[in-house]
Amino acid sequence: GGGGGGGFQVRMHHSRDSPRKQWAETYKICIQGLGRVLRQFCDTFKPMGWFVKAVGRVCEVGEACLSGGETEVEIAGVELVLLVVEVCCRGGVNRGGNNLKSEMKVVNGTLMKVGDGDGVVRKKGTRGGEKNFMVAFGYLERISRAVEEEDVLNMLSDGLDGLYDCCFEVELANGVVQGLNDDCWVLDRFVGIIVDVAERAGKSAKKYSTSSQKTVLGLLKKISTNGSEAAFETLRRLGSKGLG
């Protein structure tokens, strides 16, 4: 402080120098807090009858983040939906998360990952949450068709890679998963999400060399190695277009 009633001068970083930017930061923090609650108490919530409705409502919050025009808020929303899918799978919270173990922040105008995820508590899920998983998975399909911004696509592709590592033994196994959807292989739908991301990432690229495209190509190779005909056929098709 100083004499003369001059008051204080507070320096504000340019990334938070407007009410809109401050609102975006506050909203992002709220979304991340919701994700932390889910991660910590998912096993307590799963047996409760109201949880399946809560899954849909939380995913709606994440989906709504895509309409605000703020990259950090969009990323927080996509991360939230990915987390909900993961806490609803049998593998539990494998990453606290893979895309969530390193928080995305804008530093000096550049989107960067911060944090190394040390100390993440990994939990195993319980049986009986198939309906929860399918509700959340449906929202993941929806947001994959809505994401346009390159940084958000990069985060989504990283998140899909981590999600597959968590779910490939059960929900994303190569075949019909009993209790999920007996007339459709969920893995084939997951491959469809990957294709959406690859095609959207290619719209603004002169060459097929974006970070998200490289990630999804690696993921498709991983899935095809595990015996998925859909993933192998997708790789062949993308290769014929020059992606690969």
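Here are four short exercises on the structure above, each with a worked solution.

This is a predicted model, in which local features need pLDDT of at least 70, side-chain atom pairs count only at pLDDT 80 or more, and totals for chains, interfaces and linings use all residues. Residues are numbered from 1 along each chain as its sequence is written, and side-chain values use heavy atoms, with hydrogens and water left out.

**Exercise 1: The overall layout**

Work out how many helices and strands the chain has, and in which order they run.

Solution. Start with the elements, taken as DSSP runs numbered from the N terminus (helices: H or I, at least four residues; strands: E, at least two). The chain has eight helices and two strands. Next, read them from the N terminus: α-α-α-β-β-α-α-α-α-α. Finally, turn to the contacts (heavy atoms within 4.5 Å). Of those between residues at least 6 apart in sequence, 71% join residues at least 24 apart.

**Exercise 2: The two sides of helix α8**

Find which residues of α8 are buried and which exposed residues sit on the face turned away from them.

Solution. Begin with the length: α8 covers residues 229–240 and spans 17 Å from first to last C-alpha, close to the expected 16 Å (1.5 Å times one less than the number of residues). Then sort by relative accessible area, using a 1.4 Å probe and protein chains only (buried under 20%, exposed over 50%, partly exposed in between). Ala231, Thr234, Leu235 and Leu238 are the buried residues of α8. They lie on the same side of α8 because their arc around the axis is only 100° (taken from the directions from the helix axis to the C-beta atoms). An α-helix has 3.6 residues a turn, so residues three or four places apart point the same way. The face turned away from the buried side carries exposed Glu229, Phe232 and Ser240.

**Exercise 3: Ser157 in its surroundings**

Decide whether Ser157 is buried or exposed, and list its contacts beyond its neighbours within four places in sequence.

Solution. First locate Ser157: it belongs to helix α5, residues 150–167. Its relative accessibility is 0%, so Ser157 counts as buried. Beyond those sequence neighbours, Ser157 touches Val197, Ser212, Thr215 and Val216.

**Exercise 4: Gln40 and Val87**

Determine how Gln40 is classed and what separates its C-alpha atom from that of Val87.

Solution. Gln40 is part of helix α1, residues 19–45. With 51% relative accessibility, Gln40 counts as exposed. Along the chain, Gln40 and Val87 are 47 residues apart, while their C-alpha atoms are separated by 9.7 Å.
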